[in-house]
Every structure is written in C-alpha cells, then in structure tokens.
Amino acid sequence: MTDGTVSEAGIWWPFVVMIAGAAATYVWRALGVALSGRIDPEGPAFDWVACVAYGLLAGLIARMILQPSGPLADVALAHRAIATAAAVAAFWLLRRSVMLGVGAGAVTLVVLVLLSGAPG
Amino acid sequence: MATPPIKARIGTDFGSGRRAALVGARRALGTPSVVLGASFIGFGALVQQVGLNVWHALFSTATGWALPGQVALVELYALGTPLLSITLAVGLTNARLLPMAITLLPIVRAPRIPHLVYYLAAHLIAVTGWVAAMRDCPHLPVAQRLPYFVGFASALWCVTLVATALGFALAGAVPREVTLGLVFINPIYFMLLLVADLRIGSRILAAVFGALLGPLSYLVVPDWSLLLTGVTAGTLAFAIGRLHRHRTGRRHD
C-alpha cells in the first residue's frame, strides 16, 4: 500500500507499469491474429498455455481471497470465506448465474462486516 | 457464461455492416454491461483504495482491458513488486487471450479488410465479447461479422471506462463497508467465471493446483509466487492430462 505521500515519480511510475502491463496483454491478442489459421488450437502447445493460464488465474483468485494485499486485508478471514461460499452457493442454486452469485457474495461480505462492527 | 443465449438463428442478416455493429452495441448494453460494469466498478474501487488516482484507473482500463491482468497489476504494484515480475505475471494472467484470438479470427475474417484492421480490433478481444461473437457471428453474413464484434466490444469498452470512474468515485464516497463489498466483486467474479468455464479435465486440475499453490508459494517467494504457481500448476496438470490421455488411448475433453 502507498502511504499517501505520493512523490512526482510516484505519479508517473504507475503509468510505466501499466504500459508494460498493456503491452504484455496486447502481445497475446496480436500474436493470436498473426497465428490464426497457422496453429492447431487442439494441439499440445495450446493445451499447455491454457493450463498455465488457468493455474495462474486460480492462484491469483485464491490469493486475492485468502491473502488480500489491499483493503480486504482488514476483513476477517472467516468473513471472506463465508462470503465466498455464499457466492458459490448462489451461483449453483440460481441457474449458474454469475451475476446473482457475485451479488450474493458482495452483499454477504458487506452484511458480515456491518454486523461485526467497523473494520480496521 | 454470464450472457443469456440470444436468438441468433442460422442465416440472421442485419442488412449491412453498420446495422450489425449497432445491433452488437445494443446487445452489449444489456446483461453483459451490468455484469462487467459491476466488476469494473470493483476495479475502480480497488485502484482508489491502493492510493492511485482516477487517471491511473482509466488508463489501465483503456489500454489493458482484460480485468484479471489489471487487478493482478494493481495488487502487485501495491505490494511493491519489481516491474519485470509484474509484467510477466500480467502477461501470463492474460495468456488465455491467445487461444481466444486464434479461434475468433477465422470466424470474423472477410475479404477486402486490411490486415491492420484485425490488429486494431484485436485490442477489443476479452472474455465477454469473445463469447458473444463466437456464439452469434457464425450465423451472420461474413461481411457483417467483424462489425458486429467491434460494435459489441467497443460498446462494452465504453461501459467499462464509465464503470471504472464510477467505482473510483464511489469508493471515496460510500461507507467503508460498501467499498469492501465493491472490491470483493473482483475475486468472486473471476472465481465464478472460472468455475462456469471449466469443462476440460486438465484445466480443472490446473485450476485446483493453482488455487492450492498460489497462497502456499506466496509464503515462500512472494515476488515470483504467481509465475511459479502458473507454470508449476499448469505444467503438472498438462502432464497428468497427457499421461491420462495416452494411457486411455483417446481424448478426454
């Protein structure tokens, strides 16, 4: 977390990071355009890239819920876990609706935090 | 997926590319905008909470426009992670865009469209628009497919920019409890998208390994945890999938 004293470099540095991130994102899209029609989407190379992507995304999500670095770090782990379970339950019970699942999870978290008194 | 099936029968014809783009934009402004808009409100709130300004948030949405990578970037940045590690993690988080682009292009490609146009339109490839295009475009005349996709995705892009700014503003204005709810939208949205999308054995395995390894490796090597997790979990799941396929002698997709 930054501590409020953002220097001149502190304002521009995030843009540099974001340009690097945007390039690292766009390169896949452009590569996809260049390779389309020339690479087998059913082949092993593809399969491996997809597996790495899914593993990384799942790791990121688990970390965001279990070890949040931002404001969610102030919320008790039990509350985060219960809200996550509520989201999954709502998703399965309500016709696999992502929207309703997300709504249920977010509302549950807010209610739990409110019931337990103000967070840190 | 998040979007309900739209009645696009075989041989749907909107009359012209222009009309196809407008229909695409109008469809994007329905349910897809609500779901994705809520997620980008969460992203805007996260950026505000981390201490960056609204231009950082808008710049990230405009140039990156792939939410998991954007969230990874902001979270890692807030932790003070080195630039190279952030860039690699964002790149790997968004690697799914490669297979998406490769499968979308043959569908939207049409005669007399310059190569450059595809490279520009490629920036708009992201999960929601890709799902809609893969579902609806095969039913359209070839000349209307790219306009439909671009209309759909650029309307969504505008919505997400507004939502990002809205989330940033809300995070500073609403009670802290509500801000926490907004920030929490991101992980659960991704989690449910991942769950909704998992059908292939090896990828389910990769996600399970990743979910276990992510938090564990963070305790040991915080800076490189995401990369390590993705490559280890992915390679392990891939190898097990290949082995299993080899042994049973056929595909198990």
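# Notebook: A:Met64 and the contact between chains A and B

**Entry 1. A:Met64.** Leaving aside neighbours within four places in sequence, I found A:Met64 in contact with B:Glu75, B:Asn186 and B:Pro187. I note at the outset that the model is predicted. I placed A:Met64 in helix H2 of chain A. I then asked whether A:Met64 is buried or exposed. A:Met64 counts as buried because 27 C-beta neighbours lie inside 10 Å, and the cut-off for a buried residue is 20 or more. I also looked up its separation from A:Ala104, 40 residues apart from A:Met64 along the chain. The C-alpha atoms of A:Met64 and A:Ala104 are separated by 18 Å.

**Entry 2. H2(A) against H10(B).** I next examined the helix pair to which A:Met64 contributes. H2(A) packs with helix H10 of chain B, residues 176-197, at an angle of about 145°. The axes of H2(A) and H10(B) are 9 Å apart, and I recorded their crossing as left-handed. On the side of H2(A), the contact is made by A:Leu57, A:Ala58, A:Ile61, A:Met64 and A:Ile65. On the side of H10(B), I listed B:Asn186, B:Pro187, B:Phe190, B:Met191 and B:Leu194. B:Asn186 and B:Pro187 are also among the residues that A:Met64 touches. Sorted by class, the contact of H2(A) with H10(B) has 9 nonpolar residues, 1 polar residue and no charged ones.

**Entry 3. The whole interface.** I then widened the view to both chains. I recorded 70 residues of chain A in contact with 86 residues of chain B. Which elements of chain A give two or more residues to the side that touches chain B? They are helix H1 (8-35), helix H2 (44-66), helix H3 (77-93) and helix H4 (98-115). H2(A) supplies the largest share of that side, 21 residues. I divided the residues of this side of chain A into 51 nonpolar, 15 polar and 4 charged.

**Entry 4. Chain A by itself.** I counted 4 helices and 0 strands in chain A, and the order from the N terminus on is α-α-α-α. Of its 120 residues, 48% count as buried. Among the contacts in chain A with a separation of 6 or more, 39% join residues 24 or more positions apart.

**Entry 5. A:Thr108.** I chose a second residue of chain A, A:Thr108, which lies in helix H4. I asked why A:Thr108 counts as buried. The reason is that 22 other C-beta atoms lie within 10 Å of A:Thr108, where 20 or more suffice. Not counting residues up to four places away in sequence, A:Thr108 touches A:Ile82, A:Ala83 and A:Ala86. The C-alpha atoms of A:Thr108 and A:Ala86 are separated by 7.1 Å, although the two residues are 22 residues apart along the chain.

**Entry 6. The largest nonpolar core.** I looked up the largest nonpolar core and noted 118 residues in it. Which residues have the most contacts inside this core? They are A:Ile61, A:Val102, B:Ala101 and B:Phe149. H2(A) gives the most to this core, with 14 residues. From chain B, the core draws at least three residues from each of domain 1 (17-197) and domain 2 (199-253).

**Entry 7. B:Phe149 and H8(B).** I followed B:Phe149 further. With residues up to four places away in sequence not counted, B:Phe149 touches B:Gly24, B:Val108, B:Ala121, B:Gly129, B:Ala133 and B:Cys137. B:Gly129 and B:Ala133 belong to the buried residues of helix H8 of chain B, residues 127-136. The others I recorded as buried in H8(B) are B:Thr128, B:Trp130, B:Ala132 and B:Asp136. The buried residues of H8(B) pack against helix H1 (17-28), helix H2 (31-50), helix H6 (97-108) and helix H9 (142-173) of chain B.

**Entry 8. The two domains of chain B.** Finally, I turned to the division of chain B into domain 1 (17-197) and domain 2 (199-253). The C-alpha centres of the two domains lie 25 Å apart. I recorded 8 residues of domain 1 in contact with 6 residues of domain 2. H5(B) provides the largest share of the domain 1 side, 4 residues. By class, that side has 6 nonpolar, 2 polar and no charged residues.

H5(B), residues 83-93, packs with H12(B), residues 225-248, at an angle of about 35°, and the axes are 9 Å apart. The crossing of H5(B) and H12(B) is left-handed. I listed B:Leu88, B:Ala89 and B:Leu92 from H5(B) as making the contact with B:Leu226, B:Leu227 and B:Gly230 of H12(B). This contact has 5 nonpolar residues, 1 polar residue and no charged ones.

Note on methods:
Residues numbered from 1 in each chain as written. Chains lettered and ligands numbered in written order. Predicted model: local features only at pLDDT ≥ 70, side-chain atom pairs only at ≥ 80, totals over all residues. Contact = placed C-beta atoms within 7 Å. Nonpolar A, V, L, I, M, F, W, Y, C, P; charged D, E, K, R; others polar. Axes fitted to C-alpha atoms, helices over the stretch in contact; angles between N-to-C directions. Left-handed = near helix turned anticlockwise from the far one by under 90°. Core = buried A, V, L, I, M, F, W, Y, C linked by C-beta atoms within 7 Å. Buried ≥ 20, exposed ≤ 12 C-beta atoms within 10 Å, placed from the backbone. Domains from an automatic or database assignment.
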